[in-house]
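Trainee: I am new to this structure and would like a close look at a single part. Could you take one sheet and describe how its strands are arranged, and then say a little about what lies elsewhere?

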Amino acid sequence: MNMEKTYNSKAVEEKWYKYWIKNKTFSAKVDKNKKPFTVIIPPANITGFLHMGHALNTTLQDIIIRFKKLQGYNTLWVPGTDHGGIATQNVVEKLLKKEGKTKYNLGREKFLEKMWQWKNETGDVILDQLKMIGCGLDWDRVAFTMDEKRSKSVKKAFIQLFNKGLIYRGKRLVNWCCRCATALSDIEVEYEDEKSNLWYIKYPLKDSDEYIIIATTRPETMFGDTAVAVNTDDKRYAHLVGKTLKLPLISREIKIVSDYIVDKSFGTGAVKVTPAHDAVDSEIEKRNNLEAIEIIDINGKMINVPEKYSGLSVEEARKEIVKDLENEGYLVRIEDYAHSVGKCYRCSTKIEPLMSEQWFLNIREMSKRAVDAANEERIIFNPKSWKKPYILWLENLKDWCISRQIWWGHRIPIYYCVDNKKNRTNCKPIASFTMPEECPCCKGKNFVQDEDVLDTWFSSALWPISVFNWGEDENNEDLKYFYPTSVLATGHEIIYLWVARMVQFGLEFMKDVPYRNIFIHGIVRDKHGEKMSKSLGNIVDLREIIDKYGADALRFTLAQAAAPGRDMQILEESFLAARNFTNKIWNASRFIIMNLDGIDNLDYNIKSAELADKWIIAEFTNTYSKVRTAYESYKIDTAAREIYDFFWTKYCDWYIEFSKTRVMSNDINVKKQVLSILLYILKLILQLMSPILPFITSEIWQILNKDATIIAESKLLTVKKNPNNTHVIEKMKNIQDIIVKIRTLRSKMNISPTVWIKALFNVLDENKEKIVKENESYIKQFAKISSIQFGMNIVGSKTSALVVAGGFEIFLPLEGLIDIEKEKSRLAKEIATLKQEVKRTSLKLKNENFINKAPKCELEKIKMRFNEASLKIEKINECLKFLK
């Protein structure tokens, strides 16, 4: 068998992905003789390139799919991309801006041509990156949320909901982004803490010298005030409720009302009520039958205000109004105040609450069904802690604002008869797949389509059924066989934006949940703990990581860090460690494969000749069980760590080293026996590794099994647990403890690792004496011990080093091995250097200025240096104590 000396990740990755695609390794068809296991990819927005968060999400899904395929399931993983709505339109608008143009210069039709051009240029880039990562997707099923088949599903869903009376149009307070010029749903608003001010303003009572002082963060909206509110139980203001105030600067009369929602501890306990521009105030308006006056337009400019403020931006108006309030004696004081400000989730512009005509979806019954599904465990959350916030959110959810005032997206399939004015009739809007031929109301022939598009999450919510062409045929075989899907892997940041919406729509249109399990993972953060984003400039380019370390190293790093539900920090050192692991796998496999040359008729009926053989089989049996359990419970990080620990430490560092003398033996039977165990374990561990490390395992598997099934299509071999495993493992642990302690002592005493020394074993535990005597060859081989003297009450000479391990006092005679005085002098110098390091790092850690300003990673490095130096001093003092 030939195997390259060093692992060439680029060549191997290119070879295997081409193979998987050419041979349709991951293509799936309906097979009623096999149980399906289905995953739908969370479609990435076509806004350029995949980021580390996408890499994490897709890697975890691929691991799950590959493991289930090994178990014999008919696996299907559906690929696709999302049109991205506002996000993608913003990208293209920025490109136009560089050319000195806007979308209005082009017009809707030409602008949409530009959008489709962008999609065609970038969509494949994202799919190609998925291939680079090694995703086992069914490439015959690539979907796009705005392609023809998905559009049919969107129209069908909208029309059904409209005809049921669940979709309606109304004027309500909405979250408005002036930059994107569109309404946003509540969950598309992100909140950030900002330093601002609290303005205290006098509102005088009518026909009185009295006044009430209100506190507000938005003095510029005062011209939209239609009341001042106090808490119903606030005795300070009880005598004023119902009285009339005069609005400062314009003297319009407004009432003082009481409402339970007012926070008595905020400011003075009295607040201005601006129903047209604040969600809480809008609720107060409804309960108190107040007027709503709009004073800010969709461009963020002042309207319906005194002429001097009209047309000013919100910020400009604030400055002028505050100045005038101060000049006229209404401004009492200004305080610093930090509060949470809503911003557009796509462009970070401050949200302006405005009254607007929009399309809404009544989701009351859908939310109730989605809550019931979670409570009845028809959907299972992993980890379970995410079930409660999901339910709480659904229980408090308001009707969904589904219309957006942008051009890129699914245009709302509503048509208005334009002949109704001519015929003096009031024709109702018509929901239709295509332009209606005739108005059922007035028999008119001319129609216009609604200008708005649907919220991008509307089509995303249909993804689990639209990928199976529900819009064309809701009874097709694919949909009946592959739906509901098996598991959804997603980040916790879109539980509300996407996860809950899919459950609502799945139950509405299919009468069943869209997936049985929800695997929630964290988000990827940089070394400072910051979320990776383009705006912060901390995005890691996946292509650079893959080019430098290999796709398997990227995948292993992400898998190892992916504790369910928790965010993770990714450092460059993590990729380096993962690449070292792939090199270790290659080198260990190569050692075994190169020693198989000339070996015929290898016995695959495993026969354990010695303790090391029994031990490695026992350890692997335990690892196999742990890894399987971890994969099945979506604890991918646990699977990765168990694989790493077994392969690197137990298999390579211990068993391969134990086996080398037999591998090099001239006795062919001895050689065959140990190689059969090495090969047996290697094949099994390659299978367990393959979901996480598909490229390197595929290559090694092919070298080992020239004409056999590729590893991705192999069936997971079974391993039976031996009840005697625990006893075997304990025996070997005892031997390893002795070896490690002797090696550590040798290192402390600065004894060269090439020098063979004698050892005296004073027996403390007679039960362990027999075990050690039977296996003393391991101790001699690994600890470089030339001879061992066993006995009771053995005492070493004054110049012997002592360690207690494995039921023995172990003495290592040092005569002639080290110059004790010279060694004491060397250690004293080392301590002096280390004390200087402790002093330097300690001063930094006591410096508050350094602690407050230093990056988190730098602070951690200093702490590590301090701890390492302190620990070394402690260990050297132990050695000096012994030497003295």
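Mentor: Let us begin with a definition: two strands count as paired if DSSP finds at least two bridges between them. Please keep in mind throughout that this is a predicted model. By that criterion strand 27, which covers residues 757–763, is paired with strand 28, for six bridges join these two strands, and they run parallel. One of the pairs to look for is Leu760, whose bridge partner in strand 28 is Gln789.

These two strands belong to an open sheet of four strands, in which the order is 28-27-30-29 and the pairing is mixed. At the edges of the sheet lie strand 28 (785–791) and strand 29 (800–805), each of which pairs on one side only. If you follow the sheet across, neighbouring strands are turned against each other by 25° on average, with direction ignored. Helix 24, made of residues 776–783, packs on this sheet and touches both strand 27 and strand 28, while its direction makes about 140° with that of strand 28.

It may help to set beside this a second group of strands, centred for our purpose on strand 12. Strand 12 (residues 253–258) is joined by four bridges to strand 10 (residues 227–230), and these two run parallel; here Val228 stands opposite Ile256 of strand 12. Strand 11 (residues 244–246), by contrast, runs antiparallel to strand 12 and is joined to it by three bridges, with Lys246 having Glu253 as its bridge partner in strand 12. Strand 11 and strand 12 form a hairpin with six residues between them, and in the turn Leu249 has a positive phi of about 75°.

Beyond strand 12, the loop that leads to strand 13 (270–273) contains Ile261. Together with Tyr260 and Val280, Ile261 forms a nonpolar patch on the surface, and the accessible area of the three together is about 290 Å². Why can Ile261 be counted in such a patch? Patches are made of residues with over 30% relative accessible area, and Ile261 qualifies on that point because its relative accessible area is 36%, which makes it partly exposed.

For a contrast with that surface patch, turn to helix 21 (residues 694–704), which is mostly covered, since ten of its eleven residues are buried. Among them are Phe695, Ile696, Trp701 and Leu704. The buried residues of helix 21 pack against several helices, including helix 1 (9–22), helix 5 (108–133) and helix 20 (668–689).

Terms used:
Residues numbered from 1 in each chain as written. Predicted model: local features only at pLDDT ≥ 70, side-chain atom pairs only at ≥ 80, totals over all residues. Heavy atoms only, no water. Axes fitted to C-alpha atoms, helices over the stretch in contact; angles between N-to-C directions. Contact = heavy atoms within 4.5 Å. Patch = residues over 30% accessible without salt bridge, like charges linked within 9 Å, V, L, I, M, F, W, Y side chains within 5 Å. Areas by Shrake-Rupley, 256 points an atom, 1.4 Å probe, with all protein chains shown as cover. Salt bridge = Lys/Arg side-chain N within 4 Å of Asp/Glu carboxyl O. Buried < 20%, exposed > 50% of the residue type's maximum accessible area, 1.4 Å probe, protein only.
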